[in-house]
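Hi everyone, thanks for coming along. I'd like to walk you through one model today, so please have the picture open while I talk.

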Amino acid sequence: MIGYRVKSLREERKMSISELSTKSGVAKSYISSLERNLQTNPTILVLEKIARILCIKVDALLNEQADKSIDEEWMEIMQDVMGSGISKEELREFIEVRKCNVR
């Protein structure tokens with residue numbers, strides 16, 4: 001359901017309904033109704049506004065499988081990495097070192 005995905009993505013980004021409302025220009029009451037599945041047929045314009053702020057494509061709100069796919073930019077990056085000659089082990093090692101430095 002669209003409302004569940006909006007709420008889940010909003011919470012993943014540690015964003016309040018008020019913050020999403022302010023940034024997207026969609027009324028707080030509307031977002032709340034959407035998340036509680038009281039509003040089940042939002043317009044494409046509303047979905048575009050919400051998706052833009054959540055940094056996803058509208059498809060990810062409409063299609064449960066879309067939000068599980070890797071976006072095109074990540075695919076391009078991974079193709080570049082694969083073409084560079086870096087092994088999986090070297091990439092994993094880099095990621096682990098990076099994780100340690102971020103903490």
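**A walk through the helices**

Let me start at a small detail: right after H1, Lys14 adopts a positive phi of about 55°. Before I go on, please keep in mind that this is a predicted model. Why mention that angle at all? Most residues other than glycine have a negative phi. Lys14 is a residue other than glycine with a positive value, and you'll find it in the loop between H1 and H2. Is Lys14 buried or exposed? Lys14 is exposed, because its relative accessible area is 74%, and the cut-off for exposed is over 50%.

Now let's step back and look at the whole chain. What is it built from, in terms of helices and strands? The chain has seven helices and zero strands, so if you read along the sequence you get α-α-α-α-α-α-α. For a compact globule of 103 residues we would expect a radius of gyration near 13 Å, but this chain has 18 Å. Along the principal axes, the C-alpha atoms fill a box of roughly 50 × 30 × 20 Å.

How much of the chain is tucked away? Of its 103 residues, 26% count as buried. The chain exposes about 7,700 Å², and carbon and sulfur atoms supply 54% of that area. For those of you who like charges, there are 17 positive and 17 negative side chains, and the centres of the two sets lie 9 Å apart. As for contacts, take those between residues at least 6 apart in sequence: 52% of them join residues at least 24 apart.

Back to H1, then. Which residues of H1 are buried? They are Ile2, Gly3, Arg5, Val6, Leu9 and Arg10. Looking down the axis of H1, these buried residues fall within an arc of 165°, so they line one face of the helix. There is a simple background to this: an α-helix has 3.6 residues a turn, so residues three or four places apart point the same way. On the face of H1 turned away from the buried side, we find the exposed residues Tyr4 and Glu12. And what does the buried side meet? The buried residues of H1 pack against H2, H3, H4 and H5.

Let's follow the loop out of H1 a little further. Arg13 is in the loop between H1 and H2, and Arg13 is partly exposed, with a relative accessible area of 32%. Which residues does Arg13 touch, leaving aside its neighbours within four places in sequence? Arg13 is in contact with Leu54, Cys55 and Ile56. Ser16 also sits in the loop between H1 and H2, and Ser16 is partly exposed at a relative accessible area of 35%. If you want to gauge distances on your screen, Lys28 is a handy landmark. The C-alpha atoms of Ser16 and Lys28, twelve residues apart along the chain, are separated by 9.8 Å. For Arg13 and Lys28, 15 residues apart along the chain, the C-alpha separation is 17 Å.

One of the contacts of Arg13 was Cys55, so let me pause there. Cys55 lies in the loop between H4 and H5, the helix of residues 58-62. Its phi is near 60°, a positive value in a residue other than glycine. Cys55 is exposed, with a relative accessible area of 67%.

On to H3, which spans residues 28-35. Its buried residues are Ile31, Ser32, Leu34 and Glu35. They cover an arc of only 160° around the axis, which puts them on the same side of H3. Those buried residues pack against H1 (2-12), H2 (17-24) and H4 (44-54).

What follows H3? Arg36 is in the loop between H3 and H4, and Arg36 is exposed, with a relative accessible area of 52%. Arg36 and Ile95 are 59 residues apart in sequence, and their C-alpha atoms are 38 Å apart in space. Just after H3, Asn37 takes a positive phi of about 60°.

To recap what I'd like you to take home: the buried residues of H1 line one face of the helix, and those of H3 lie on the same side of H3. Thanks for listening, and I'm happy to scroll back to any of these places with you.

Key:
Residues numbered from 1 in each chain as written. Predicted model: local features only at pLDDT ≥ 70, side-chain atom pairs only at ≥ 80, totals over all residues. Heavy atoms only, no water. Buried < 20%, exposed > 50% of the residue type's maximum accessible area, 1.4 Å probe, protein only. Helix = DSSP H or I, 4+ residues; strand = E, 2+ residues; numbered from the N terminus. Arc of directions from axis to C-beta. Contact = heavy atoms within 4.5 Å. Rg over C-alpha atoms; globule rule 2.2 N^0.38 Å. Areas by Shrake-Rupley, 256 points an atom, 1.4 Å probe, with all protein chains shown as cover. Lys, Arg positive; Asp, Glu negative; His and termini not counted. Charge placed at Lys NZ, Arg CZ, Asp CG, Glu CD.
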